[in-house]
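Subject: The structure we talked about

Hi there,

Here is the structure I promised to pass on. Have a look at it first, and then read on for my notes.

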Amino acid sequence: RIRLVQHEVNRGMGGAMSTGILHAEKEYFCFLPSDLQVDAAELRKMVPLLNGADVILSVYARRPASLFRAFMSRSFRDFLMVTAEIQFQLEGLYLFPTRLGRELLPNVKGDTFFFSFQLVQLAIERGFRTATTTIVCKPRLAGASKVANPKRIRQVASEVFAYRRRRRGG
């Protein structure tokens with residue numbers, strides 16, 4: 001029931017997500033990070049919401065984070081609201097219609113986690129309804145987040161500004 005799909009070279013999170021959507025075989029897809037901070041059982045909270053919405057988003061109940069991480073997360077949300085006019089909150093998993101994901105893929109650019117925000121925003125603009133639920137995020141058992149380093153911050157910011165330029169026709 002599991003099929004491995006991989007790239008010969010690392011194409012980043014956005015590249016991996018794009019490939020995953022193209023290879024998805026079910027009506028909906030969800031990206032479950034392999035760092036074990038979110039248990040797959042959290043999907044049970046999301047599926048019932050499909051009765052009233054097309055795309056299901058999630059936010060963390062209480063993410064075990066440092067003050068610095070909390071500041072970074074809040075700053076990123078504010079940056080997205082001001083720069084990209086993205087108003088929804090998304091911190092964890094999301095359920096998304098596979099057919100719609102494939103349809104929107106040509107309009108989603110980038111290699112970072114900003115990929116997900118673009119995808120959801122495009123769905124909202126097409127009139128698809130969202131619902132949000134709270135999920136549990138456990139402490140990281142190993143490794144470190146790759147988000148809060150200067151190189152990654154520049155890369156994400158570059159993608160956000162490119163997204164803004166495309167949206168404004170420039």
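Let me begin in the sheet, where strand 2 and strand 3 run antiparallel and are joined by two bridges. Please keep in mind throughout that this is a predicted model. In that pairing, Leu 57 sits opposite Tyr 94 of strand 3. On the strand 4 side, strand 2 pairs in the parallel sense with residues 130-135, over six bridges. There, Tyr 60 is the residue that stands opposite Ile 135.

Strand 2 is worth a closer look. In a regular strand, side chains point alternately to the two faces of the sheet. Here both faces are covered: Val 55, Leu 57 and Val 59 are buried on one side, and Ile 56, Ser 58 and Tyr 60 are buried on the other. With six of its six residues buried, strand 2 is therefore largely enclosed by the rest of the structure.

Now the overall layout. The protein has six helices and four strands, and along the sequence they come in the order α-β-α-β-α-β-α-α-β-α. The radius of gyration is 16 Å, close to the 15 Å that the globule rule gives for 170 residues, so the protein is as compact as a globular protein of that length. Its C-alpha trace spans about 40 × 40 × 35 Å along the principal axes. Buried residues account for 34% of the 170. The accessible surface is about 10,600 Å², and carbon and sulfur atoms hold 55% of that. If you count contacts between residues at least 6 apart in sequence, 80% of them join residues at least 24 apart.

Next, the interior. The largest nonpolar core has 28 residues, and those touching the most other members are Ile 86, Tyr 94, Phe 96, Phe 115, Phe 117 and Leu 119. Several elements each supply at least two residues to this core: helix 1, strand 2, helix 3, strand 3, helix 4, helix 5 and helix 6. Which helix gives the most to this core? That is helix 5, with seven residues. Apart from this core lies another one, of ten residues, including Met 46, Ala 53, Ile 56 and Cys 137.

Tyr 94, which we met opposite Leu 57, is a good residue to click on. Beyond its neighbours within four places in sequence, Tyr 94 is in contact with Met 17, Phe 29, Cys 30, Phe 31, Met 46, Ile 56, Leu 57, Phe 115, Ser 116, Leu 119 and Val 120.

Two helices deserve a few words each.

Helix 5 has twelve residues and reaches 17 Å from its first C-alpha to its last, close to the expected 16 Å. Helix 5 is mostly covered, with ten of its twelve residues buried. The buried ones are Phe 114, Phe 115, Ser 116, Phe 117, Gln 118, Leu 119, Val 120, Gln 121, Leu 122 and Ala 123. After helix 5 comes Gly 127, which has a positive phi, near 95 degrees.

Helix 1 also has twelve residues, and its first and last C-alpha atoms are 17 Å apart, close to the expected 16 Å. Its buried residues are Gly 14, Gly 15, Met 17, Ser 18, Thr 19 and Ile 21. Strand 1, strand 3, helix 4 and helix 5 are among the elements that cover them.

Finally, two polar side chains to look up. Is Gln 118, in helix 5, buried or exposed? Gln 118 is buried, with a relative accessible area of 0%. Leaving out neighbours within four places in sequence, Gln 118 has contacts with Asn 107, Val 108, Lys 109, Tyr 163 and Arg 166.

Arg 164 belongs to helix 6. Its relative accessible area is 26%, so Arg 164 counts as partly exposed. Outside its neighbours within four places in sequence, Arg 164 is in contact with Val 82 and Thr 83. To relate Arg 164 to strand 2, take Val 59: the two are 105 residues apart in sequence and 24 Å apart in space, C-alpha to C-alpha.

Happy to go through any of this together.

Best wishes

Technical notes: Residues are numbered from 1 along each chain as its sequence is written. This is a predicted model: local features need pLDDT of at least 70, side-chain atom pairs count only at pLDDT 80 or more; totals for chains, interfaces and linings use all residues. Side-chain values use heavy atoms; hydrogens and water are left out. A nonpolar core is a set of buried Ala, Val, Leu, Ile, Met, Phe, Trp, Tyr and Cys residues joined through side-chain atoms within 4.5 Å. Buried means under 20% relative accessible area, exposed over 50%, partly exposed in between (1.4 Å probe, protein chains only). Contact means heavy atoms within 4.5 Å. Two strands pair if DSSP finds at least two bridges between them. The expected span of a helix is 1.5 Å times one less than its number of residues. The radius of gyration is taken over C-alpha atoms; the globule rule is 2.2 Å times the number of residues to the power 0.38. Accessible areas come from the Shrake-Rupley method with a 1.4 Å probe; for residues, only the protein chains shown count as cover.
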